[in-house]
Amino acid sequence: MGLLQEQILSSSPSLPLLSLNHVSYLCKSVAESAKFYQEVLGFVLIRRPSSFSFEGAWLFNYGIGIHLLQCNSVNDVQQKPTVINPKDNHISFQCTDIELLKRRLEDMGMKYETALVEEGGIFVDQIFFHDPDGYMIEICNCENIPILPLSACPLKKPQSYKDSKSSKQRSLAITKALNAAEMETRMMESLFTNMIDISM
């Protein structure tokens, strides 16, 4: 993103959006897909409007909804990919125990692919798999990577092999600084809360 684009975006008024509400998928079998989202990902079936004149199901958990719609024809739904490609369109869920999820998928006989992302000494585990209709799902611990605006991130220069050791030391220093900044933020929030409590 160029500097001009970033300035335009930062000067645009923000929209009154709250959060992602749901994702909607066209399914070959709503019953099969609903069972998958319940058993594999822990979603719960919820009531959907009775005014709908088409078959479907709504599920909810983790602050997000999954809306399943019955297709009119099997040709309306993409063919399930034979290969799991992490670069495909997908929805991603954060997870606190990747190993537990791997065991669960293995117990259910589900195929999955894993990936490991490293940024400045911080690691993110990723698991990718398909739902019954071939839609990609990712499970990760992406919260490990701090969310920083691009303006706060200096551009990286290509480094030679001999610079890699000093780069690792810099990465460690950056990680420590981020941890210190997070601790400082928490301390200030706690102090602010205590001050409010005292003043009441």
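These are my notebook entries on the cysteines, one strand and the aromatic rings of this structure.

**Entry 1: the model.** I am working from a predicted model.

**Entry 2: the disulfide.** I looked for disulfides and found one in the structure. Cys 140 and Cys 142 form it, with their sulfur atoms 2.3 Å apart. That separation fits the cut-off, since a disulfide needs sulfur atoms within 2.5 Å. I then looked up the handedness. The link of Cys 140 and Cys 142 is left-handed, with -125° about the S-S bond.

Are the two partners buried or exposed? Cys 140 has 1% relative accessibility, so I noted it as buried. Cys 142 has a relative accessible area of 29%, so I put it down as partly exposed.

**Entry 3: cysteines outside the link.** Why does Cys 71 have no bond to Cys 27? The closest cysteine sulfur to that of Cys 71 is in Cys 27, but it is 7.8 Å away, too far for a bond. Cys 71 is buried, because its relative accessibility is 8%.

I checked Cys 95 next. Cys 95 is in no disulfide. Its nearest cysteine sulfur belongs to Cys 140, 8.6 Å away. Cys 95 counts as buried too, at 17% relative accessibility; the cut-off for buried is under 20%.

**Entry 4: strand β5.** I followed the side chains along β5, residues 90-94. Which of them are buried? Ile 91 and Phe 93 are, and they point to one face. His 90, Ser 92 and Gln 94 point to the other face and are not buried. In a regular strand, side chains alternate between the two faces of the sheet.

I also looked up a partner of this strand. β5 runs parallel to β8, residues 136-140, and five bridges join them. Opposite Phe 93 I found Ile 139 of β8. Cys 140 of the disulfide falls within the residue range of β8.

**Entry 5: aromatic rings.** How many aromatic pairs are there? I noted 10. Ring pairs link Tyr 25, Phe 36, Tyr 37, Phe 43, Tyr 62, Phe 93, Phe 129 and Tyr 135 into a cluster. Phe 93 of β5 is thus on my list again, as one of the cluster.

**Entry 6: Tyr 62.** I picked out Tyr 62, another of the cluster's rings. Where does it lie? Tyr 62 is in the loop between β3 (56-61) and β4 (64-70). Its phi is positive, about 60°, although Tyr 62 is not a glycine. Tyr 62 has 53% relative accessibility, so I recorded it as exposed.

Terms used:
Residues are numbered from 1 along each chain as its sequence is written. This is a predicted model: local features need pLDDT of at least 70, side-chain atom pairs count only at pLDDT 80 or more; totals for chains, interfaces and linings use all residues. Side-chain values use heavy atoms; hydrogens and water are left out. Buried means under 20% relative accessible area, exposed over 50%, partly exposed in between (1.4 Å probe, protein chains only). Helices (H or I, at least four residues) and strands (E, at least two) are DSSP runs, numbered from the N terminus. Two strands pair if DSSP finds at least two bridges between them. Rings of Phe, Tyr and Trp (its six-membered ring) pair if their centres lie within 6.5 Å; planes under 30 degrees apart count as stacked, over 60 as edge-to-face and the rest as tilted.
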